[in-house]
Amino acid sequence: MSAVKKAMDAGIRQTAVETAISNIQRQIIQYISSDLCWNIAVPTVRACLEPNMVVNEEATAANQEAAAAEVEPVYYKNGQNIVVAGERVTKAEIQVLETLGLLEGNKFDKMLFLGACMVGVLSLMALYFYMLRFAPEVLRQPRIMLMLSVIFSATALITYFSSKLNPYFVPIAVVPLLVTALISPSFALAANLIALVLIGVVSDSTTLSSSQQILSILFSGIVSAPAGVFIMRRNQQRVIVFFAGFVMAVINVAGMLCVGLLTNNNISGVLNGALWCGGGTFLSAVLCIAFQPLLETMFNLVTPYKLLELANPNQPLLRRLLVETPGTYHHSIMVANLAEAAAEAIGANPLLARVAAYYHDIGKLKRPLYFKENQVGENPHDHTDPRVSAAILIEHVRDGVQLARHYHLPQSVIDCIEQHHGDSCVSYFYHKMLTSDKADETNADDFRYPGPKPQTLEAGILMMADTVEAAVRAGTDRTTEEIAKKIRELVKAKIDSGQLDETPLRLNDVTKIIDTFAQVMNGVYHQRIEYPKMDDGSARQPASRPSLRPGTIAARAAEKGGETANAVGNHSGENGNA
């Protein structure tokens, strides 16, 4: 009775009945036996004891409402600290941080997710309409679209982790640099805008407002990307990529300072963010150099790096071409010189034109002796049906395509191999068939290449260069006038036969190509003086000696050698340059 009274006087809450019974048990166990305690005392106390402190739900709710009404709202200004490092965080401050979405909790923020999805969808729609109007060739290539998705996804992932270190340490320039190197400079600027929005949304802003950070990233990226694209538009060597990254980093630092000075009075903070942004931009150049070879291999892209590798004479195919078909190899080198010069003249891709010319006749490796430039002695076509001979020549295009795919050449080079003859006719054997006793069996389609016709500038240039080089080399009159006339006739024949109808070549481009071909061919077949044949006696005792300019090494050597000193004086009035 005493223990129960003591517990009741202390107060028993609704949730503390068992605790009170345990306390009473501990008090009485020392005075009575354990059997009496467990069998009589404890069950009796449990049956009689009731809580005497009960919560008044109505009064509690009324008091909570009154207390909430007395609380004034707390406002935080932009840039004001909510929590300072080293201080104890109160419950009210935690609630403020949760309200602002600055704490990572287990709750899924549906609105944030919806907003991010809408930004992504709208950005992709904008990029799609741009490609539809200004870059349809990109839209028609699924592998390029897939590569763009990989680039954007990797950029978002890198941004998410790098921004943990600092919200401005983000790869702001990786997309324009990669797209310039792998696709095209013009498309890089459009892709850069979408990437900047993506980076601004994904980056982890913990020190400044998100709107200020996104504005800084957008402005800096917009003003720096054109400079990097301009630097890399024609040369993507590693040192050029580093230089472009450095220039973009400097511009980004300046851009961040401009936005920071307009929106923030904390100069040291602005400068710190600008330097972090510059570091992130230079990181982009490093990532570009690291990712570019990987993306080239994954998607089999044609880049200057890839083309330079293919132009190396130690490439297996070029080595085979040199060893097994030396005539075709020399022909390909000459065609490459013509194609590169013409592509440079009209603004096409000169490196692609050169590499395509190197490999355009690799199909001749299968039957090298059936091609005139590789023949020594008897011509096997002299004993072959013209239709069979034409089929062998035509087949070298298909053989070249198969060989190119076996050696994993880029698709643009394979296209040039496939298109460099278009659907033109093997005229030599066609006329040979017409003049034979089987003329009635002649079918012109049997003497045509399968096509397709050239579709690109480089393929059209390659077709003309191939024809011009072979025809001029086969001719006997190689004067300047005759070479120019021959080139004009050959190019006109290609135009008249419709072989260039599907290329984007203009008449002005054709004129430039003809002039360039003539200039290169005249350099190859330039005239030289014929050296006179001299016997040994005349060589030892020349009839007359050339004049020596006084004071020259030759004159002093002649004097020391016992030569006649008058040789200089007698010819002092003549031109000593002989």
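How exposed is Arg 398, going by relative accessibility? Arg 398 counts as partly exposed, at 39%. Keep in mind that everything in these close-ups comes from a predicted model.

**View 1. Arg 398 and Glu 395 pair up along helix α18.**
Here the two side chains meet in a salt bridge, with 2.9 Å from N to O. Both residues sit in α18, which runs over residues 386-406, and they're three residues apart, so about one helical turn separates them. Glu 395 has a relative accessible area of 24%, which makes this residue partly exposed. Its partner Arg 398 is partly exposed as well, at 39%.

**View 2. Arg 320 and Glu 324 form a salt bridge in helix α15.**
Now we move to α15, residues 316-324. The side chains of Arg 320 and Glu 324 come together at 3.0 Å, N to O. The spacing here is four residues, so once again the partners are about one helical turn apart. As for accessibility, Arg 320 comes in at 27% and counts as partly exposed, while Glu 324 is at 37% and falls in the partly exposed class too.

**View 3. Asp 361 and Lys 364 make a buried pair.**
In this close-up the side chains of Asp 361 and Lys 364 meet in a salt bridge of 3.2 Å, N to O. Both residues are buried. There's a third player to look for: Glu 373 joins Asp 361 and Lys 364 in a network of salt bridges. Across the whole structure, the salt bridges number 13. As a general reminder, oppositely charged side chains can pair when their charged atoms come close.

**View 4. The second largest pocket has a lining of 47 residues.**
This pocket holds about 1,700 Å³ of space. If you want to find its centre, look for Ile 183, Val 302, Asn 349, Leu 352 and Glu 458, the lining residues that lie nearest to that point. Sorted by class, the lining has 23 nonpolar, 16 polar and eight charged residues.

**View 5. Several helices help line the second largest pocket.**
Which helix gives the most to this lining? That's α19, with five residues. Among the helices that each supply at least two residues are α8 (142-165), α10 (185-202), α17 (350-359) and α21 (457-474). Shorter stretches of sequence to pick out include α7 (136-139) and α14 (304-310), each also giving at least two residues to the lining.

Technical notes:
Residues numbered from 1 in each chain as written. Predicted model: local features only at pLDDT ≥ 70, side-chain atom pairs only at ≥ 80, totals over all residues. Heavy atoms only, no water. Salt bridge = Lys/Arg side-chain N within 4 Å of Asp/Glu carboxyl O. Buried < 20%, exposed > 50% of the residue type's maximum accessible area, 1.4 Å probe, protein only. 1 Å grid on protein atoms, 1.4 Å probe; cavity = no way out; pocket = protein on both sides within 12 Å on 5 of 7 lines; lining within 4 Å. Points joined across faces, edges and corners; volume = space filled by probe spheres on them. Nonpolar A, V, L, I, M, F, W, Y, C, P; charged D, E, K, R; others polar.
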